Amino acid sequence: MLRRLLISAWSGVRAGQGRPLALLLTVALAWLLTGGGDGPLPALRLALFDAYQVHFPRERQSGPVHIISIDEAALKEYGQWPWPRTVFRELLAKIAEQRPLAIGLDILMPEPDNTSPEALAARLPDGRLRDELALLPSHDALLAEQMRRAPIVLGTAGFMHAEAGTSDALRVWPMRVHGAAGAGGLPVMRFPQAMSSLPMLQAAACGQGLLSANLEKGIVRRAPLVGAVGETLVPSLSMELLRVATGTPALEIEADGAGVHSVSVGDLRVPTLPDGAVWVNFSAPAMDRYISALDVMRGLVDPAALQDKIVIVAMTGLGLSDYKTNARGDLLPGVDTHAQMIESFFDGAFLQRPHWMRWAEVAAFAACSLLTIWLLPRQRLRVGVPMALLLGAALFGAGALLFARAGLLFDAAGVALGYVAICLSLLTSMLAAAVRDRKLSERALQAAREAAARTAGELHAARRIQMASLPQAASAFPGERRFELDALLEPAREVGGDLYDFFMLDQDRVFFMVGDVSGKGLPASLFMVVAKALSRSIALRSQADMSVIMNGANRELVRENPEMLFVTSVAGILDASSGQVFLCNAGHDAPRRITADGRVELLQAADGPPLCVMDDFEYPVQRYQLQPGESLCLTTDGISEAMNAVGELYGNERLNGLLAGVAATAPAAVVQAVRDDVRRHVNGAEASDDLTLLVLRWNAPA
């Protein structure tokens with residue numbers, strides 16, 4: 001029942017499209033109103049964007065950043081963290097020798113070095129040793145002195161709890177804001193407090209930037225280029241490193257009432273989200289980005305490896321590093337995000353979701369939905385369903401292409417989900433319309449069934465009349481021993497267009513014929529009855545030879561043929577006293593002669609057109625002499641062209657082989673054998689043509 005309703009709805013229903021159109025408008029408006037953030041289904045959108053990153057990672061081109069990692073090997077050599085500031089000073093000096101463009105410290109040093117001389121002196125009693133230690137320079141001062149000789153950028157960590165920070169002496173470099181009332185009105189990530197390094201170290205540095213990143217359920221997808229601690233704007237570590245590396249005095253922020261549009265340093269302009277963050281375009285993990293601090297301290301690094309590079313010093317040892325999972329699913333130190341941001345900026349590989357993207361998504365959703373609403377009800381299921389699936393796949397393909405080629409984030413998942421809702425709504429409406437139409441058409445259907453039943457009864461009656469008009473071999477020739485004859489006709493439908501006939505012309509001569517009317521069904525069956533009756537009438541009336549009978553039947557049938565049908569036929573006369581056979585073939589398959597020793601021979605092919613084709617054609621007569629025990633087999637093409645479920649024909653070769661095997665049996669047995677073999681071949685498949693067979697065997701004169 002459901003399948004019939006689906007087919008009916010799909011093939012003909014045009015009504016019920018109002019509900020999908022209303023849903024289309026609702027979804028489009030909701031998309032526009034909620035598409036400014038992460039949309040109505042943020043988890044689905046972010047999962048799709050993560051999949052883009054997994055399948056289309058950024059290709060590294062310039063490689064401008066190196067990370068000096070304080071890893072397990074360095075900790076094993078110089079002891080657990082924190083190291084004495086003199087050791088850290090030595091590391092910075094080794095790095096500075098290679099003249100990098102900027103050195104970022106992804107390390108916080110908020111407390112004085114407890115191994116410094118003044119710290120040791122404070123723990124000693126009064127005496128000479130304490131006084132001498134107090135005269136020595138502090139480790140922090142030595143570190144600050146080294147920092148003044150290098151382009152150092154410190155890191156600061158924002159905290160959401162005011163009591164956790166130490167930002168009273170936070171030092172940042174000014175940023176220029178264009179197009180907004182001031183820094184206080186920007187919708188950037190804000191922290192009440194931040195933890196920074198010692199004021200002495202901040203004063204020695206060339207810059208300071210935020211280390212914090214946006215964590216979305218533990219995953220880094222976006223990172224701020226600018227944030228705020230209290231009312232003070234603070235750049236990210238990555239942007240501050242670029243400022244120091246390029247020698248730019250200040251970062252430029254372009255903003256308005258809608259938020260931040262971009263952050264620029266020198267000639268580099270980075271488009272941002274309204275909150276000043278960017279989507280990070282991640283590459284596959286690159287271990288060649290990392291250099292062990294131990295190798296730097298031992299001088300094992302190529303002297304030019306860090307020249308004109310941006311260097312970030314970070315702790316990566318287990319238990320010390322803040323490992324985070326990025327959008328690709330890679331678990332890496334947090335500093336890797338800053339390095340990848342700088343790399344992507346150098347390569348111009350930005351990820352963007354412009355404000356017009358939601359309009360593009362709504363347009364794609366509306367176009368696919370309107371096309372579906374208009375086209376699917378006019379298509380068959382096997383065409384419409386693949387078309388809808390292809391449209392859905394095209395949405396994801398377009399999203400992947402935009403990401404890979406232009407770095408644009410197109411929410412194909414949200415568009416596809418809305419499109420699925422439209423398809424389901426359309427299908428539901430079509431089914432409802434089909435149910436309504438079905439209820440309205442029940443009376444007509446019932447009337448059609450009643451009419452069909454009446455027609456079927458009439459056809460069954462016609463079949464009975466047609467089959468009753470055929471002679472029965474078992475009772476046609478009582479006491480006759482000079483010949484034997486049997487015949488079979490099985491219509492493909494209720495009634496058929498094949499025919500056969502046989503009767504005695506006189507004491508010795510028997511007339512026989514097989515024919516096939518063009519066409520099928522009731523018209524062919526009626527013409528078959530007419531052809532059979534005319535042929536019998538002419539044969540009995542004329543008592544003449546075969547040519548007179550065949551020519552007369554042709555002329556009569558031409559006059560009584562308003563439907564322009566034609567008949568292929570083989571007709572003949574057997575002289576039972578001598579075994580002579582006289583045949584006329586009007587466009588029919590050639591008969592077969594079956595010899596007593598089992599050979600099957602095809603007689604002469606048709607030497608005239610079918611009956612009713614040429615009204616003045618004179619059919620020639622073929623003459624044959626049968627030997628005792630030989631048979632004639634007349635068939636229609638319904639036997640040789642009988643087809644099974646896989647399209648294989650029964651064929652003449654198989655028929656000839658069967659006839660050769662039953663040559664010595666009676667005609668009734670031959671007919672039964674052919675009938676059974678054809679049924680085995682067809683194996684229940686629907687018959688495509690009538691099946692007719694006549695077998696005549698001459699025994700001997702009495």
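Here are some friendly notes on the predicted model above, point by point.

1. **Overall make-up.** The protein has 702 residues, and 50% of them count as buried. Its secondary structure consists of 22 helices and 30 strands. If you look at contacts between residues at least 6 apart in sequence, 77% join residues at least 24 apart. The protein exposes about 32,500 Å², with carbon and sulfur atoms supplying 58% of that area.

2. **The largest nonpolar core.** A good place to start inside the model is the largest nonpolar core, which holds 49 residues. The members that touch the most others are Phe 502, Phe 511, Phe 512, Leu 574 and Leu 694. Strand E23, covering residues 509-517, gives this core its largest share, six residues.

3. **Phe 511 up close.** This residue is worth displaying with its neighbours. Leaving aside residues up to four places away in sequence, Phe 511 touches Asp 501, Phe 502, Phe 503, Leu 505, Ala 539, Met 546, Ile 549, Ala 571, Gly 572 and Ile 573.

4. **Another core.** Please look at the other part of the interior too: a second, separate core has 41 residues. Its members include Ala 102, Leu 241, Ile 253 and Val 280.

5. **Cavities.** How many cavities of 30 Å³ or more does a search of the whole structure find? There are five, and the largest contains about 70 Å³ of space. Its lining is made up of Val 270, Pro 271, Val 278, Trp 279, Val 280, Asn 281, Met 341, Ser 344, Phe 345, Ala 349, Phe 350 and Leu 351. Val 280 thus turns up in this lining and in the second core.

6. **Character of that lining.** Ten of the residues lining the largest cavity are nonpolar and two are polar, with no charged residue present. Strand E15 (268-271), strand E16 (277-279) and helix H12 (335-347) are the elements that each give two or more residues to the lining. The largest share, three residues, comes from H12.

7. **Asn 656.** Finally, a residue on helix H21, which spans residues 652-661: Asn 656. Is Asn 656 buried or partly exposed? Its relative accessible area is 25%, so Asn 656 is partly exposed. Not counting residues up to four places away in sequence, Asn 656 touches Arg 592 and Val 600. Asn 656 and Glu 601 are 55 residues apart in sequence, and their C-alpha atoms are 8.8 Å apart in space.

Notes
Residues numbered from 1 in each chain as written. Predicted model: local features only at pLDDT ≥ 70, side-chain atom pairs only at ≥ 80, totals over all residues. Heavy atoms only, no water. Core = buried A, V, L, I, M, F, W, Y, C linked by side-chain atoms within 4.5 Å. Buried < 20%, exposed > 50% of the residue type's maximum accessible area, 1.4 Å probe, protein only. Helix = DSSP H or I, 4+ residues; strand = E, 2+ residues; numbered from the N terminus. Contact = heavy atoms within 4.5 Å. 1 Å grid on protein atoms, 1.4 Å probe; cavity = no way out; pocket = protein on both sides within 12 Å on 5 of 7 lines; lining within 4 Å. Points joined across faces, edges and corners; volume = space filled by probe spheres on them. Nonpolar A, V, L, I, M, F, W, Y, C, P; charged D, E, K, R; others polar. Areas by Shrake-Rupley, 256 points an atom, 1.4 Å probe, with all protein chains shown as cover.
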